[in-house]
Structure formats: structure tokens, C-alpha cells
Amino acid sequence: MCQWFAPTELRVTFETQGLGKFSKEEIERIVVKNVNGTVTLNLPTKFVLTANHQVYADWWYAWCLLYFIGPSGVHRHIFITLKKSLQWVPLAGWGMQFFNFIFLARSWASDRHHLASSLASLGKEARKEDRPFCFLLYPEGTLISKDTRPISKKFADKMGISDMKNTLLPRSTGLHYSLRSLAPRIPDLKLLDLTVVYPGIPPMGYGQGYYTLRSIFLDGVPPPAIHIHMRLFDVREDMPIGDLSASVLNADVSAKDAVEVDIPEEEKARFDLWLRNLWNEKDESITKYHETGNLNSLPEGSMTVDIPLKLRRKREVLDAFCFFFPAGIMYLLGKGRY
């Protein structure tokens with residue numbers, strides 16, 4: 001879709017100073033330039049993916065990024081959460097159920113056990129079959145807009161903390177429970193965090209007013225590049241997700257029989273502060289980008305990798321249309337009978 005209707009590229013940099021930083025040697029190992037000119041990012045292939053949320057196309061470009069991670073890509077192994085009502089949308093909803101997407105009622109009291117058990121089951125399968133795994137989650141919960149910005153500020157004032165300038169305050173509960181559900185099932189689980197910036201959106205501007213799915217794919221006005229700044233965390237070693245001992249005891253128990261453990265308030269507060277500090281650094285990075293217009297200000301000296309959004313092999317175009325072949329054949333056979 002991008003290659004034909006909305007050509008653009010991913011411009012990727014790596015954190016080298018703050019939280020989730022990469023060493024120079026790690027970056028050199030991660031970036032692999034193939035003989036045909038394409039790029040592969042030799043990153044871990046089992047991770048939770050988080051990012052700031054500005055436009056509805058955010059998930060689309062995150063999905064595109066997964067195509068370039070690992071030798072075969074992680075794009076076939078992505079899981080997301082959606083509103084429960086969408087699971088019965090004809091065709092699309094059925095397909096999302098088939099691919100084990102997680103449908104939530106948007107009520108934490110009813111969603112917490114379903115989310116934990118679903119992720120526990122998916123994590124266990126990924127470890128058992130030794131295949132890639134990506135769970136995509138936007139901690140802000142929604143797009144930054146003229147409607148959501150005042151809500152974020154009101155909450156910040158209520159809690160006596162500083163609000164963000166370029167993002168919304170992140171919500172830690174869903175991410176915390178997700179990591180606690182996955183970490184015991186995937187011992188080497190990582191958190192891949194992205195700071196995403198779109199050229200042309202001014203400071204304090206709302207991205208959806210500049211780039212929509214319609215303007216990108218129907219009007220032919222894609223962003224000239226999607227700037228992505230990466231941080232990588234080992235979930236067990238680098239993140240304060242609390243005591244997993246009880247969860248580890250139930251790691252190999254079927255998801256429906258696993259015991260959900262309440263998280264102490266102290267651990268919740270510690271994780272919430274950690275995530276807010278990460279988002280503060282993200283917010284400051286976006287401010288620096290707006291001031292300089294230079295991607296290397298995220299941070300100074302970071303390596304830049306440009307990845308055009310194109311298929312690595314032309315024959316992969318068939319993957320997008322293979323599901324129509326059986327229907328076409330059946331149609332032709334039906335016509336032939338008459």
C-alpha cells in the first residue's frame with residue numbers, strides 16, 4: 001500500500017544516552033544492510049511495542065517497521081487490543097478473531113483478567129513454538145487532540161505532577177499487567193519503545209489535522225518520512241514490574257487456570273513513575289526536534305538509518321492478494337458450469 005499509493009520511508013535513530021540506550025557496538029550489530037540494498041534490523045523478535053500516539057496511521061507505520069525486524073520480519077506475529085464491539089464486524093471482525101486479537105470492553109474491572117489470561121496464552125505459545133511475538137500497546141490510550149489534551153492536564157493538576165507538551169500522560173495499568181502476564185511465559189521478553197515524529201506537524205499541533213488515513217492513501221499526501229527513535233529494555237532486568245514469583249509458578253499452567261495476582265500499590269506507583277519518566281524524556285526529545293528540525297538532535301550523535309517502505313521481493317505482492325485466488329477460481333468454475 002505504501003509502495004504503490006503513499007511512498008515514504010522510516011528514518012530510524014537509536015538512543016545512546018538515556019533510558020533504554022544502545023551502545024555503538026550494539027547499533028552496528030543491529031543494522032544489517034543486505035546485498036540488494038534493503039535493511040534488516042537485527043533486534044530481538046519477542047517484545048512489547050510502545051510508542052506515543054498522534055495519528056490513526058501510527059499503528060500502520062509501526063506494523064511496517066515490524067516487517068524489517070529480524071530475518072523474516074515480525075509483522076505476521078503482531079497482536080493488538082480492540083473494542084469488544086468490533087469482533088462481530090462482518091469479515092474484518094471475524095478475521096481479527098482468527099488472528100487472536102484481544103477484544104476489551106473498556107472497563108478495567110472486567111478487562112483485567114481477560115487481558116492477562118489472553119496474553120499468558122499467547123506468550124506461552126510463542127515460547128513453546130519459538131516464534132516471533134509482538135504485542136502493540138499505546139500507553140496514552142488515545143490520540144492527542146484538542147479534546148484529550150485538557151483531560152491530560154486536568155489529571156496532571158489533580159495528581160500534582162507536570163503535564164506533557166507533545167504527548168498525553170501515559171496510563172501505566174494496562175502495560176504493567178501486560179508485562180507481568182507475558183514476562184513469566186517469555187523469559188527473554190523485551191520492551192521496544194518508539195518516539196515517533198512526523199515532519200510538518202508544528203509544536204503543540206495535533207497530528208490528525210495534518211495526516212489522516214484518507215489524506216495519506218486517497219489524496220496521496222503521505223509524510224515525507226516517519227522519524228522513529230528507538231529504546232530497548234529487558235523487561236526483567238531494566239523495568240520495575242514487581243515480584244513475579246507467584247506468576248512464575250503459574251507460567252506453565254493453562255491461561256484459564258492461572259492465578260491472577262494483585263499488584264501491591266507500592267509496586268504500581270513505582271512502575272507508574274518509571275513510565276512517566278520515560279514519557280518525559282520522550283516529550284523533551286520531541287521538543288528538541290521541533291526546535292532544531294534535525295533528527296540527530298534525538299539525541300546528538302545517534303546513527304540514522306533510512307528504510308524505504310518497499311517490499312524486499314516483488315513476489316511478496318502475491319501475499320496481499322492470495323486470499324482472493326480461491327474465490328476467483330470458484331467464480332470461474334461456477335461460470336463454466338453454465
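1. The accessible surface of the protein amounts to about 17900 Å², and 58% of that area belongs to carbon and sulfur atoms. These values, like the others in this note, come from a predicted model. Of the 338 residues, 47% count as buried, and the chain is arranged into 13 helices and 11 strands. Where contacts join residues at least 6 apart in sequence, 75% of them link residues at least 24 apart.

2. On the outside of the model, M1, W4 and F5 make a nonpolar surface patch of about 360 Å². Among these residues, F5 sits in helix α1, which covers residues 2–5. The relative accessible area of F5 is 43%, so this residue counts as partly exposed, the class that lies between the buried limit of under 20% and the exposed limit of over 50%.

3. Helix α3, formed by residues 58–67, is mostly covered, with eight of its 10 residues buried. The buried residues of α3 are D58, W60, Y61, A62, C64, L65, L66 and Y67. As general background when looking at any such element, an α-helix has 3.6 residues a turn, so residues three or four places apart point the same way.

4. The aromatic residues around this helix deserve a look of their own. The count of aromatic pairs comes to 12. One of them, W59 with W60, is edge-to-face, with 5.6 Å from centre to centre and 75° between the planes. W59 counts as partly exposed because its relative accessibility is 36%, whereas W60, at 16%, counts as buried. Another edge-to-face pair is formed by Y67 and F68, with 4.9 Å centre to centre and 85° between the planes, and both Y67 and F68 are buried. Ring pairs also link W59, W60, W63 and F217 into a cluster.

5. K46 lies in strand β4, which is made of residues 46–51, and this lysine counts as buried because its relative accessibility is 10%, under the 20% limit. Leaving aside residues up to four places away in sequence, K46 touches A126, D130, R131, F133, I186, D188, L189 and K190. With one of these, D130, the contact includes a polar one between the two side chains, at 3.4 Å.

6. D130 itself is placed in the loop between α5 (108–129) and β8 (133–137). With a relative accessibility of 62%, D130 counts as exposed, although its side chain makes the polar contact with the side chain of K46. The backbone of D130 also merits attention, since its phi is near 50°, a positive value in a residue other than glycine. Most residues other than glycine have a negative phi.

7. M204 is a further non-glycine residue with a positive phi, here of about 65°. The loop that holds M204 runs between β9 (190–197) and α8 (213–217), and M204 counts as exposed because its relative accessible area is 51%, which is over the 50% limit.

8. I80 occupies the loop between β5 (78–79) and β6 (81–83), and with 22% relative accessibility this isoleucine counts as partly exposed. Although I80 and F101 are 21 residues apart along the chain, their C-alpha atoms are separated by 5.5 Å. Not counting residues up to four places away in sequence, I80 touches F101, I102, F135 and L136.

Notes:
Residues numbered from 1 in each chain as written. Predicted model: local features only at pLDDT ≥ 70, side-chain atom pairs only at ≥ 80, totals over all residues. Heavy atoms only, no water. Patch = residues over 30% accessible without salt bridge, like charges linked within 9 Å, V, L, I, M, F, W, Y side chains within 5 Å. Areas by Shrake-Rupley, 256 points an atom, 1.4 Å probe, with all protein chains shown as cover. Salt bridge = Lys/Arg side-chain N within 4 Å of Asp/Glu carboxyl O. Helix = DSSP H or I, 4+ residues; strand = E, 2+ residues; numbered from the N terminus. Buried < 20%, exposed > 50% of the residue type's maximum accessible area, 1.4 Å probe, protein only. Polar contact = N/O pair within 3.5 Å; in protein donor to acceptor, adjacent residues only side chain to side chain. Contact = heavy atoms within 4.5 Å. Phe/Tyr/Trp six-rings, centres within 6.5 Å; stacked < 30°, edge-to-face > 60°.
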